[in-house]
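Me: Please take one part of this model and go through it closely, residue by residue where that helps. Add whatever else can be said with the same care.

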Amino acid sequence: MSKIPRPLSELYEDLYSKALENTEETDGVLFRNTLRWMLCTRRVLGWQGFSQAITSFVDIDIHEIDEDFILDLLSNFVISQTNQEGDRTFRFAHLSVREFLESKPEYSAEISNTFTAEVCLLKLIGASGSPSAEQFLGRLGLSDEGTVTLAELDSYEKGIHDYSLRNWYVHCVHAGEANRSNEELHLFHLLRYFLFDESDPNCPLKCWVRSRQRRKMESLHGPHLLGLLQNYHRSQDLAFLLSCVFGFGEILRIDQYHELDDGVKEACILAATMHAQYHILEHLMAGPKVPLLQKRILSTLVQNGHVELLQWFLSLTEPDLITGSTIVEAGEDTEIIEMLLDHNTKLHITTELIEQCSSYRTVETLLSRAPDVVVTSTILKNAIDDMPIERLREILDKNGGSIVTCDTIAWASHCAAFVEGMRPKIELMLARGGQIKWTERVMLHAITNNRDSEVIQILLDHGCPVTENVMVKAATWGRAGPFGLLLKAWGVITSEVIVGGARNIYDGPRMVKLLVSLMNRPLDNELWVQMMLQYTQNTWGNPKTLQTLLERKPSLKVPKEVLIAFTENSIEGNITLDVMVEDNREM
C-alpha cells in the first residue's frame, strides 16, 4: 500500500466501500457490528464471547460463522492471532485502521458504545432467567436464545456475560445522553427495562447485584456503590441511585423520580455529589435549600476533593455553612482549605482548630491566615515531620521551648525511621526544650524499624529511659544496631526479650542470632519452642528468621503445637513448611 500515491484514508475508503458492496445485507450488519465492538471493547474476548457479541441483533446463528469467516469478511481491516489458551482473537491490522474508522460518523465513540451497551444489556436481560424478560425481548423483536442464566454461570468464566456484568454502565455512559434518550434505539428500551423491571425475584437489576457479589466485584466504584446496593433493594430506588452514580441524567427527569421517598431523594443527591455528577446535582438541587442536606453535600465534596464541583456549590451557599469542622474534613488538601477560607473570610481560626490538623501543609495554611495564633505542643507534634528546620526555629523563637514535650519528641523520633532530616530537628528541639519529663513512650515510638542508631543515642544521652517494655519492643520491632545501644543502657536480657526477637519482621535473622549469642546460658529446648511459637504469631513472617531458629536446634523435633500454630496463624504456611522440609526437620 505504501507504493500507492493516494492518501491512506482514500485507500481505506475504497476498500471499505467495496467490502460492503460485495456483501449481503446480513453480512454487512455483521461487518459493522464487529468493527464497532472492536473500537470500544475494554477487553479482548475469546471466540465464543466475541461471536456472541457481534451476532447480537443479527439474524444469524453463531454456529454459521467461524474465525475464518470473520477474517475473510474484514480481511483488509483486521488480523487474527492465537492467545496462550489457543483461542483466536482479532485486532485491527494497523493503528491507521482505527483512526480511519473513528473519522467516520457511523463509527463515532457514541455510536460504537451504543451498540456495545445494547449487547451488554441484551445479554444481562436474557440471562436473568426471568419469564417477563423473555416476553419483553419478544415485544422488541429480540431474543438471546441458548443463553444460560447468570446463576448457572461459573464465577470464574470471563466470557461475554462477565464482560457485560462489569462494563454495561461504562458503555451506557459513553453512548451519550442523546442515544440513551432516543426511543428509536434499542438502548432506550433495554436500559429502562434493566433498571426498572421488578416483575419477579430474577429481574435483571437484582441478578446483576447478586452476580457482583458472586464474582467479588465490590471494589468497582468503591465502597459507596457497595453500600447503595446493600441498603436499597427496590429496583426503582436503585435505578435512580445508579443513574446518579453513572450520570444518566435523562433517567432523573422522568416522572417516577417524584414518587421516591424523601430519604431516597436525599441519597440520590449525595450519590451525585460523591461521584461528581455536576449536571445531575444541579438538576436535583433546583428545589428549596435544606441546610442540613447542604451541610452533608459540602462535607462530601470536601472529603472527596471535588474541586470544580465544590467551586460551583460554594457559589450557591452562605459563607457561614463553612465551619471549623469543614476545614478539618479537608484533611491535607490545602487547595480546598484555601477555597473554604476565601468563601468564609470571617471564620475564626483558633489554636483548637489548628490542633485538629494533622499535617504541616495544613497547619501552615491556617497559620498564614492567623499568624498570631499560639502554637502549642500538639500543633508542633502534628506538623514536625514535614516542617523545614528553619520554620521550626522560627516557631520555637516565637512560642518558646515549653512547647517541646515528651510526646513531640516521641513522634519526631518515630518519624526518623522513614522521614529524612529528622535528626537535626530532634537535636534542635532537645536543645531548646529545657527539662523534658521523659517517659518510656519516647523510646517505644523511636525504636520501631529505626535504622538510625544516632537518633537512639541522642535520646539516651538526654536521659530518655530504657525499660523492659522498651527492650521487648526493640527486639520485636526494632533493628539489631540500635538494639545494641539500648542493651548497653539496660544491661539485662530477659526471656521475654529473647522470645520477642523471633517475631521481628524487619531484622529477624540478625536479632535472633544477636539475642542467642548474648545469653549467659545455652538456649534450652523450652525457650526455643516459645520462640518458634512467637514466630508463628507473625502473619508476614520472614522465612530466613525461621531458618535461623531451626539452625539453633538442628536435631530437635518440631513439636505438634508449633505445627498447629503455623497452620492457624501464618498466611505463608506453605513457605514455612518448605523451609522445614528443606531443613530435613523431623516433625
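Reply: What follows begins with a helix and its surroundings, then turns to a helix pair and a hairpin.

The model is predicted, so local features need pLDDT of at least 70 and side-chain atom pairs pLDDT 80 or more, while totals for chains, interfaces and linings use all residues. Residues are numbered from 1 along each chain as its sequence is written, and side-chain values use heavy atoms, without hydrogens and water.

Helix α26 (a DSSP run of H or I, at least four residues, numbered from the N terminus) spans residues 422-432, and Met-422, Lys-425, Ile-426, Leu-428, Met-429 and Leu-430 are its buried residues (under 20% relative accessible area, 1.4 Å probe, protein chains only). Among the elements that cover these residues are α23 (377-383), α24 (389-399), α25 (406-415) and α28 (453-461). After α26 comes Gly-434, with a positive phi near 70°.

Further along, α33 (residues 525-536) packs with α34 (residues 543-552) at an angle of about 170°, their axes being 11 Å apart. The two helices are therefore roughly antiparallel (over 145 degrees). In contact (heavy atoms within 4.5 Å), Trp-528, Met-531, Met-532 and Tyr-535 of α33 meet Pro-543, Thr-545, Leu-546, Leu-549, Leu-550 and Arg-552 of α34.

Strands β1 (residues 78-82) and β2 (residues 88-92) pair in the antiparallel sense over five bridges (pairing needs at least two DSSP bridges), with Thr-82 opposite Arg-88 in β2. They form a hairpin with five residues between the strands, and in its turn Gly-86 has a positive phi of about 85°.

Definitions and conventions: Buried < 20%, exposed > 50% of the residue type's maximum accessible area, 1.4 Å probe, protein only. Axes fitted to C-alpha atoms, helices over the stretch in contact; angles between N-to-C directions. Parallel < 35°, antiparallel > 145°, perpendicular 65-115°, else oblique.
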